[in-house]
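Me: I'm new to this structure and would like a close look at one part of it. Could you pick a serine in a loop and walk me through what surrounds it, then the sheet beside that loop in sequence?

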Amino acid sequence: MPRLMLNSRWVDLPAAADTSLLDFLRQDRGLTAAKPACGSGDCSACLVLVGEIEAGHTTPHYRALSACLLTTGQVADCHVITAEGLNGDQLTPVQQALVDQGGVQCGYCIPGLVVALTGALLNGQPLADAAGGNLCRCTGYGGIRRAMAAIRNHLPSGPFSLDQAADLGLLPPAVAQAGHALRVPYGELLHFPDQEAVIAGDTDWSVQHPHRVGGQSLLQLHHLPGLRRIEATADGLRLGAAVTIEEFQRHPTIAANWPDLPHFLSFFASPAVRASATLGGNLVNASPVADMAVILLALGAELTLAGPQGERRLPLADFYLGFHRTGLHAHELVTAIHLPHSHRGAWRLHAEKVARREHDDIASINSALLLGPGEAGHFGAVRLSAGGVGPVPMLLPKTAEFLVGKPITPATVRAASQLLGREVAPHSGPRGSTAYKRRLLQHLLVGHLTALCPQLHFADCLR
């Protein structure tokens with residue numbers, strides 16, 4: 001029988017691995033602090049802390065995740081801390097600050113906010129970043145901001161161990177002690193069963209299956225250690241397909257190679273979704289505006305695909321065959337993504353995303369450009385990608401090849417922009433007309449080039 005550590009004791013989980021964690025907590029365990037609301041990870045009213053011992057570590061790492069997007073199979077052998085589990089004989093420093101600074105009103109969003117801020121303190125992360133996905137309809141964000149300032153002023157900087165968190169009053173002693181009982185839950189990928197749904201972070205699958213009643217067999221890639229690592233290789237970086245967006249965003253090797261990339265990834269969904277969604281999942285979803293697909297296309301990524309017949313390598317540029325169609329063979333999985341080195345910063349990346357909301361939204365258009373070294377005053381090698389201008393995320397080779405070796409002048413950029421307008425033929429839709437998307441992509445090209453080449457000025461390149 002699968003089980004999890006729930007707050008301070010082990011409990012049995014349903015036999016069906018696709019049972020909603022939110023439903024299990026509320027209906028089976030009577031823990032109703034995690035609230036049902038958006039059902040898609042957009043509001044963070046249902047946040048819980050999920051602790052697990054990751055490969056190569058001996059103590060649990062805790063992430064604030066949306067229970068509405070998690071299956072019980074995803075949290076088997078993990079430590080789940082709900083807002084009720086944070087309650088002790090007195091208010092925690094987070095709860096007290098929210099009360100003192102007027103950050104509490106109706107209370108619907110507050111449990112999720114308390115969980116988000118507690119998770120940030122445990123991991124030594126900025127409070128405002130962690131609370132970025134928590135929507136509040138009635139309190140007003142002024143009181144929440146004041147509470148975060150009070151927490152920063154009265155607590156030391158993390159990260160904190162479980163025992164330190166208990167000493168500071170962030171966790172009840174019994175809950176902190178329960179975290180020490182975790183063991184490494186990972187298994188190994190031994191077969192490719194054809195009857196199972198294959199999921200990693202649950203963030204898309206759960207949205208597509210909101211009324212699941214349990215019973216579907218799931219292959220949980222998140223629990224496989226070989227798919228959770230970021231490793232330097234002789235020719236670049238190897239990213240396990242189950243590495244989360246947050247792990248990718250915060251990894252020092254990524255920041256060292258592509259310093260602008262972590263900032264761009266802050267526009268990928270909400271913090272809770274970034275903490276669960278995976279690189280491989282975002283690619284296999286095959287959305288025309290998949291943020292990671294557009295970035296990794298510009299970087300020249302290759303995929304390792306594994307199945308019953310063995311492994312093979314495939315350029316990401318050849319992976320997409322049509323709208324939500326990929327080059328995966330029957331029973332194959334994406335197991336790794338391979339990136340080239342930046343050659344000590346000689347290659348530079350810039351990415352842009354336009355959506356109806358600046359944060360936590362699907363792109364109308366997104367684009368990335370990789371620029372290599374060239375002769376003085378001239379463009380070097382260029383790789384340009386875009387999403388939202390066709391049925392799949394795509395490279396734009398004609399515009400990229402036109403720029404190679406050309407002088408870095410506004411006239412060159414204007415000519416490339418005109419060529420780009422002829423290279424794409426986006427369809428009109430809810431997120432923009434054909435003419436709007438074409439013109440917007442031309443502006444994103446100018447944004448890339450003026451960001452990477454300071455001698456260019458945006459207005460001159462459009463004139």
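Reply: First, a bit of vocabulary: strands (E, at least two residues) and helices (H or I, at least four) are DSSP runs, numbered from the N terminus. You're looking at a predicted model, where local features need pLDDT of at least 70, side-chain atom pairs count only at pLDDT 80 or more, and totals for chains, interfaces and linings use all residues. Residues are numbered from 1 along each chain as its sequence is written, and side-chain values use heavy atoms, with hydrogens and water left out.

Our serine is Ser342, and you'll find it in the loop between β14 (333–340) and β15 (348–354). Is Ser342 buried or exposed? Its relative accessibility is 1%, so Ser342 counts as buried. For that label, buried means under 20% relative accessible area, exposed means over 50%, and partly exposed is in between, using a 1.4 Å probe and protein chains only.

So what does Ser342 touch? Leaving out residues up to four places away in sequence, Ser342 touches Asn257, Trp258 and Trp347; contact here means heavy atoms within 4.5 Å. With Asn257 there's a polar link too: a polar atom of the Ser342 side chain lies 3.0 Å from the backbone oxygen of Asn257. A polar contact is a pair of N or O atoms within 3.5 Å; within protein, one must be able to donate a hydrogen and the other to accept it, and residues adjacent in sequence count only if both atoms are side-chain atoms.

Now follow the chain out of the loop. β15 belongs to an open sheet of 4 strands, ordered β15-β16-β17-β18, with antiparallel pairing. The edge strands are β15 and β18 (394–395), each pairing on one side only. Two strands pair if DSSP finds at least two bridges between them. β15 and strand β16 (residues 365–371) run antiparallel and are joined by 7 bridges. Along that pairing, Arg348 stands opposite Leu371 in β16.

If you'd like another pairing to hold up beside this one, go back towards the start of the chain. There, strand β1 (residues 3–6) and strand β2 (residues 9–12) pair in the antiparallel sense over 4 bridges. Met5 stands opposite Trp10 in β2. This hairpin of β1 and β2 has 2 residues between the strands, and Asn7 takes a positive phi near 60°.
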